[in-house]
Amino acid sequence: MNETRNATPPLDPVAKSQYESEVQSTPNSNAIGSASGYMNDFRRENTARWLLGDVEKTRTASIFAMLHAFTRRICTDPDSDPKEVLKTIIDMTSKMTDDVSSNSSTKAGQSTSKSRSTPRIAKGKGRGVPSEEKKWNIEKLMDFHSQFVTAENEKDSYSPWVKMTNTALELLRDKELPETRGYDTEIDIILQHNDPNILRYAHNDQTLNRKPDSIFMPISTARMLHGCKDDTKWTDVAENHANKSPKKTREDANPWELNWGDAFSSVEYKRKSAQKVDPQPGDLFEESLKDFGDILRGEKIWTQLETGKKRKRSNDDERQDDNAVKSRKIEISNSSNNKGNGPLSGPSHSSQSGQTGSSVPPRTASSKDWSHSVAIQSAEYGLNRLCCSFDITHTFIFVLIDTTLYISWYDHEGIITTSGFDVAKYLSHYLALLYILQRFNRNDWGRCEDPRLDTNPRGDHSNRPSPDKLVVTVQGKKFTFDLENRPVHKTLAISGRTTSVWDCEMQEGDKWKGNYVIKFSWKEKSRESEGEIMNQILEKANSRPEIINYIPRFIACEVFSGISTKDIRTSLGVDSHTREFVVVVMEKLDGKISDLEGDEFWDVIWDCFDCHYHLWKLGIRHRDISEGNLMYWRDPKTKAAYGVLIDYDLTSTSNEASNNKQRTGTRPFMAIPLLGPVPVVHKYQHDVESFFWVALYVLLCVSKDAVRDCPMSSWGNLGSEDLQEKKFFYINISWNYPAFKPWQSTGVTRWSRWHSIRDIVKKIQDTPCDTDGLYLLAKRAREASVGKFPLKRQTPRPDMPHRESPSILIKQH
């Protein structure tokens, strides 16, 4: 055996006092981003269970603060006071309705169309429109407002709300204030009724089908949706199409389906009963606002979290297993400690609350009730919009509870929900909001227009290799990729990194060539970027082949610090643990370890294992060992496969200071001790255990001879404590556990391999020792298992090439 390869290397002097230091683990995240990578059930009931983790961390703010933040975006002078500009806008919208508001209030619940024919919406942009016709449209606006307020149920409120909104948008087009920019003629927003039309979001091999009630969209999108010609007037679309679901006209129109990239924002309605038209001219005061937290508590969606009760296992065999568990000295928590008041009980609830609960509410008979909560539905729509494209920085959803309007803001740091005001009383404030939205550009709607990303449809695209491909500039180098292609990897998440990876090419001269991948993510500002961590690895590794040959080659990395989650929180007075946009380009590898079989699979996983050990000795702690992070590259000459350990976003180094209050890892592969409700120290043994969970997952669920309906394939749908329990049974009670019985008949080879892996994990759990001891323990277990799963190469190949890895310069903007 080659002693040079297998001997424990001397410890780096700088890392000597650090590599065994404790990395304090934090509470498990129960948000959807922590589960989406391996979820295989995206029905509303299941996604709602995970979205509770995001919703419970909602921050609250005054709707005044949100309106001021929105107003700031359209001010022509960046030094203008948004409060004064908003007051000017509200004064203008109040004058629009003053002449007819008293007449409307005396006819509450009565349509003015009964006394005279309803005039058409004024054509054109409003300039030169006869004052009488404009007055009729204002009266029509008030008529629709009355119909909306007095609607008996949710369904009856759809049409008058859409008509009222579009009538107002038409009237506001010619309103110009010197303090604000004019309305965006290219976007020219319109509100489209949608339900029951389905918007589809594709996530890996799964599809999420959702039906938002109404959607704000560009007029060009509305025309395509209804099969209208490009020159169809805005008013014709508003009158003849916008108040009808596109599903009802699909057969008569162009069969073009709406996607979340075209849905700028949506409106969600909840109506309990008819309301009274009660216009209140004048200022809207803070005490008139309603707390959205009261609505959430009234829906009782927190019951499952607050009780902390979990499903009782009914299977007799599993009851026997419970008794076996008690005899073991491994702590398995049977209930959640996440108790207390509702998460929105105070005026502001931190998105980094440090809660210790890690369970996800179980499916019960009432799950479908709270899965249709307005908070959950809005979060679903925010999630789909936020993840539909790599360049979406934020989105916001309007929620109507009876006649009270709330705004929920979603970005990669979390959710902020405002208090609400009563549109029945304060119509002028809703008109002011529409005036602002009408002047939003694509960047304001959440579509990043940074010139380095080349996503602006109005920009100069002469540098694109083809119209369908985007060009992204990273560290001065240009890369192109096609959004229509399926991504290599994509995360479904509200808060967090929300990583997406795409195949790309690099511009060399006047040609596009190369085999690369481009990775977009949102890192914590307080953490080092992946490129900075890679620089540390290259400096510490000092060209050591046991590391250099098994890490990815970075081509470029840039932190776009100008694109972050900070500004809105500064405007709202909400504490921020800022996330900023990061783009990384690296070599494209040949595949994941799950693509390999037999000897090559075991060769590659042990390559990654050795690399991980050597990095840990240097003070570089990966802490996210998963099936997707163990990859391989193939030597073009020898055709041999070599492991590559990728994804250093969550890596801990001696220089790191993170605000992250959730423990790291990919849930199905996390070590058993890390899945409990009590924070523990993240040690080397936890990453070692993760390697073996990866091997087990590939062996039983992914390989070509995988077991059909393998129970492990559903682990991504489980909460942390449920998953901890399952893993414990799989490791310790395998022969008697019912789920394993079908596997026993699948062949001696697979069964013996499983037991070899199981024995290694049990030794890791039961044998207290330091990093070197654990490494040697795993290595001896590997060598002792050669007879069960033979390794083609027990020593390194003598002709192994040295892979040069370029230095990365991190560029900040």
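Is Asp647 buried or exposed in this structure? Keep that question in mind as you browse the close-up views below, which all come from a predicted model.

**View 1. Asp647 sits in a loop and has an unusual sign of phi for its residue type**. To settle the opening question, Asp647 is buried, because its relative accessibility is 15% and the cut-off for buried is under 20%. You will find Asp647 in the loop that runs between strand E21 (641–645) and strand E22 (681–682). Its phi is positive, about 65°, although Asp647 is not a glycine.

**View 2. Asp188 is another residue, other than glycine, with a positive phi**. Here phi is near 50°. Asp188 belongs to the loop between helix H6 (154–172) and strand E3. With a relative accessibility of 7%, Asp188 counts as buried.

**View 3. A cis peptide bond leads into Pro196**. Follow the chain from Asp195 to Pro196 and look at the bond joining them: its omega is near 15°, and the bond is cis. Pro196 lies in the loop that connects strand E3 (190–193) with strand E4 (199–203).

**View 4. Asn243 is a buried loop residue**. The loop in question lies between helix H8 (234–240) and helix H9. Asn243 has a relative accessible area of 15%, so it counts as buried. Which residues does Asn243 touch, once neighbours within four places in sequence are set aside? They are Ser159, Val162, Lys163, His193 and Ala238. For His193, the C-alpha atom is 5.2 Å from that of Asn243, although 50 residues separate the two along the chain.

**View 5. Glu257 is a partly exposed loop residue**. Look for Glu257 in the loop between helix H9 (246–249) and strand E7 (265–270). Its relative accessible area is 43%, which means that Glu257 is partly exposed. Leu225 lies 32 residues away from Glu257 along the chain, with 6.7 Å between their C-alpha atoms.

**View 6. Glu558 is buried within a strand**. The strand is E17, made of residues 554–564. Glu558 has a relative accessible area of 1% and is therefore buried. Its C-alpha atom is 9.2 Å from the C-alpha atom of Thr473, and the two residues are 85 positions apart in the chain.

**View 7. Helices H2 and H14 cross roughly perpendicular to each other**. How far apart are the axes of helix H2 (residues 44–55) and helix H14 (residues 374–387)? The axes are 9 Å apart, and the helices pack at an angle of about 90°. That angle is why the pair counts as roughly perpendicular, a term that covers 65 to 115 degrees. From H2, the residues in the contact are Arg44, Thr47, Ala48, Leu51, Leu52 and Val55. From H14, they are Ala375, Ile376, Gln377, Ala379, Glu380, Tyr381 and Leu383. Sorted by class, this contact contains 9 nonpolar, 2 polar and 2 charged residues.

**View 8. The largest nonpolar core has 98 residues**. In soluble globular proteins, nonpolar side chains tend to be buried together. Within this core, the residues with the most contacts are Phe70, Trp161, Phe216, Tyr430 and Leu437. Helix H15 (residues 427–438) is the biggest contributor, giving 9 residues. Leu437 makes a good starting point for exploring. Beyond its neighbours within four places in sequence, Leu437 is in contact with Phe70, Ile189, Phe216, Phe396, Phe398 and Trp445. A second core, separate from this one, has 75 residues, including Ile537, Val559, Trp602 and Phe729.

**View 9. Two cysteines show two levels of exposure**. Cys557 counts as buried, because its relative accessibility is 0%. Cys701 has a relative accessible area of 21%, so it is partly exposed. How many disulfides does a search of the whole structure find? The count is 0.

**View 10. Stepping back to the whole protein.** The protein has 813 residues, and 60% of them count as buried. Its secondary structure comprises 24 helices and 23 strands. Among contacts with a separation of 6 or more, 75% join residues that are 24 or more positions apart.

Definitions and conventions: Residues are numbered from 1 along each chain as its sequence is written. This is a predicted model: local features need pLDDT of at least 70, side-chain atom pairs count only at pLDDT 80 or more; totals for chains, interfaces and linings use all residues. Side-chain values use heavy atoms; hydrogens and water are left out. A disulfide is a pair of cysteine sulfur atoms within 2.5 Å. Buried means under 20% relative accessible area, exposed over 50%, partly exposed in between (1.4 Å probe, protein chains only). A nonpolar core is a set of buried Ala, Val, Leu, Ile, Met, Phe, Trp, Tyr and Cys residues joined through side-chain atoms within 4.5 Å. Helices (H or I, at least four residues) and strands (E, at least two) are DSSP runs, numbered from the N terminus. Contact means heavy atoms within 4.5 Å. Axes are lines fitted to C-alpha atoms, for helices over the stretch in contact, and angles run from 0 to 180 degrees between N-to-C directions. Angles under 35 degrees count as roughly parallel, over 145 as roughly antiparallel, 65 to 115 as roughly perpendicular and the rest as oblique. Ala, Val, Leu, Ile, Met, Phe, Trp, Tyr, Cys and Pro count as nonpolar, Asp, Glu, Lys and Arg as charged, and the others, Gly among them, as polar.
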